[in-house]
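Thanks for coming. Please have a look at the sequence and the model on the screen, and then I will go through a few parts of it.

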Amino acid sequence: MTEAIPQAHIYAARRAYLASQLGNGGVAIIPTAPEHARNRDSGFAYRHDSYFYYLTGFTEPNAWLVLDATGRSTVFCQPKDLEREIWDGFRLGPDAAVSALGVTSALSVSELDKHLPKLLENQHTVWYPFATHKGLETRVADWLNAVRARVRLGAQCPSQQRDACGPLDEMRLIKDAHEQDVMRRAAQISAQAHIRAMQTSARMLRAGQDVREYHLEAELLHEFRRHGSQFPAYTSIVAAGANACVLHYRADAAPVRDGQLVLIDAGCELDGYASDITRTFPANGKFTGPQRDLYNLVLASQNAAVEATKPGARFVNPHDASVKVLAQGLLDLGLLSKAKHGSAQDVTEKRAYFPFYMHRTSHWIGMDVHDCGSYVEPTELGQTSERKDPLSGEAIVNRPSRILLEGMALTIEPGLYVRPADDVPEAFWNIGIRIEDDAIVTAEGCELISRGVPVSVDEIEALMRL
């Protein structure tokens, strides 16, 4: 007898809640992700669709979930095929899927086109994820046309199509206890990987060895897999020296030199959930004076953002708190001229900090690294204001930022990136620093689940002496 998937009751509860959001006569169609060829007869490692996995816990490719407003759930999955299983591995199959997944019924995916019109017939609204699966809209149209072909026989065709991402995004925005536990474990694994890379850099340089960015990336990947992570959550950024000023730099073959800083932005995915950590450290384990000054400024800005991350605050509050600290620090360190730019408030209002800090401080995190969920407060959608961007002159429509609630998860990742310029002190040229942690909003404030890797200058230097 096939055992139920772990936490099957959690997925059943999610399906039940989604069913309650579909309205009378609503049917949701949720496909998993397709497989992708890498080249010729080699494929990329398969990764399921996040929405589908959120509702089923099922990781096989070529599967679909159909859910109606009564709570009836049907999974279409690959049929048992002993010959293909010799080559590709075990398939659950429809017969075992009902008990294993806790769904109402299960059918072979080869019968999808046969059964979908029947499941849509006499329903009012069809829900599916808009603009997420190439060709899905066409398939839905074909199924609806098959229903319309029966209207003379008394069949009713759904008259509305709605985006299933809406209710699912709201569900996924609040992480339940199970999700938080998985995310903590993922963050712990990633923290250990960062520590390993830091220590490897210092040890190799002390030994007089040639150190490359890919050497440090290899340490990350080893630690991820050693602790059971299935994938990196995204392509790791390992950037030495001036490369750290490239926001989406990819780990490559550049040398890691004594006296440089190294920026590593890397995290693993564990059981469908991402982690996302950035640390910046001296390649040899010892900060120089300018590196220390700029690093402590970024850390102070992150601490201010952490303090601003709490229930009832707005999503934008951590960013505003971070920018306020960075603006004053850029003036104090001479990267911005007080004579030219004025006070920290002037720097903030005119966005004079933008050449050094050009990204936002946070994003949602969960199953996807940049997780789903609106950044606009849904209870205040009708409220807007307009402002002119001081840099571009473009008119921007502001909407109220999302109110943070307990269980939301977000990154906190301020940074500074200093490229050579005539009006910038040379001591800071080619220094790129970002400090990023994953935070879960709690009743009291927020829990930084990725602090298994240190952030203070003294702690980093002590760690790298080992």
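**Strand 1 and its sheet**

Let me start with strand 1. Gly26, Ala28 and Ile30 point one way, Val27, Ile29 and Pro31 point the other way, and all of them are buried. Before I go on, note that this is a predicted model.

The alternation follows a general pattern. In a regular strand, side chains alternate between the two faces of the sheet.

How is strand 1 placed in the rest of the structure? Strand 1 covers residues 26-31, and six of its six residues are buried, so strand 1 is largely enclosed by the rest of the structure. Buried here means under 20% relative accessible area.

Now the neighbours. Which strands pair with strand 1? One is strand 7, residues 125-128, which runs parallel to strand 1 and is joined to it by three bridges. Within that pair, threonine 125 of strand 7 is opposite glycine 26. Another is strand 4, residues 64-68, where the pairing is antiparallel and has five bridges. There, alanine 28 has leucine 67 as its bridge partner.

As background, strands of a sheet pair through backbone hydrogen bonds, and the pairing is either parallel or antiparallel.

Going one step outward, strand 4 also pairs with strand 5, residues 73-77; these two run antiparallel, with four bridges between them. In this pair, threonine 74 of strand 5 is opposite valine 66.

Now the whole sheet. It is open, has six strands in the order 6-5-4-1-7-8, and its pairing is mixed. At the edges are strand 6, residues 105-108, and strand 8, residues 160-163, each of which pairs on one side only. On average, neighbouring strands in this sheet are turned by 20° against each other, with direction ignored.

**Helices across the sheet**

Which strands does helix 6 lie across? Helix 6, residues 136-148, lies across strand 1, strand 4, strand 7 and strand 8, and runs at about 155° to strand 7. Helix 4, residues 94-101, lies across strand 5 and strand 6, at about 150° to strand 6.

**One residue elsewhere in the sequence**

Last, serine 322. This residue is in helix 11, which spans residues 317-332. Is serine 322 buried or exposed? Its relative accessibility is 0%, so serine 322 counts as buried. What does serine 322 touch? Leaving out residues up to four places away in sequence, serine 322 touches Ser301, Ala305, Tyr357, Thr361 and Pro414.

That is the end of my part.

Terms used. Residues are numbered from 1 along each chain as its sequence is written. This is a predicted model: local features need pLDDT of at least 70, side-chain atom pairs count only at pLDDT 80 or more; totals for chains, interfaces and linings use all residues. Side-chain values use heavy atoms; hydrogens and water are left out. Buried means under 20% relative accessible area, exposed over 50%, partly exposed in between (1.4 Å probe, protein chains only). Contact means heavy atoms within 4.5 Å. Two strands pair if DSSP finds at least two bridges between them. Axes are lines fitted to C-alpha atoms, for helices over the stretch in contact, and angles run from 0 to 180 degrees between N-to-C directions.
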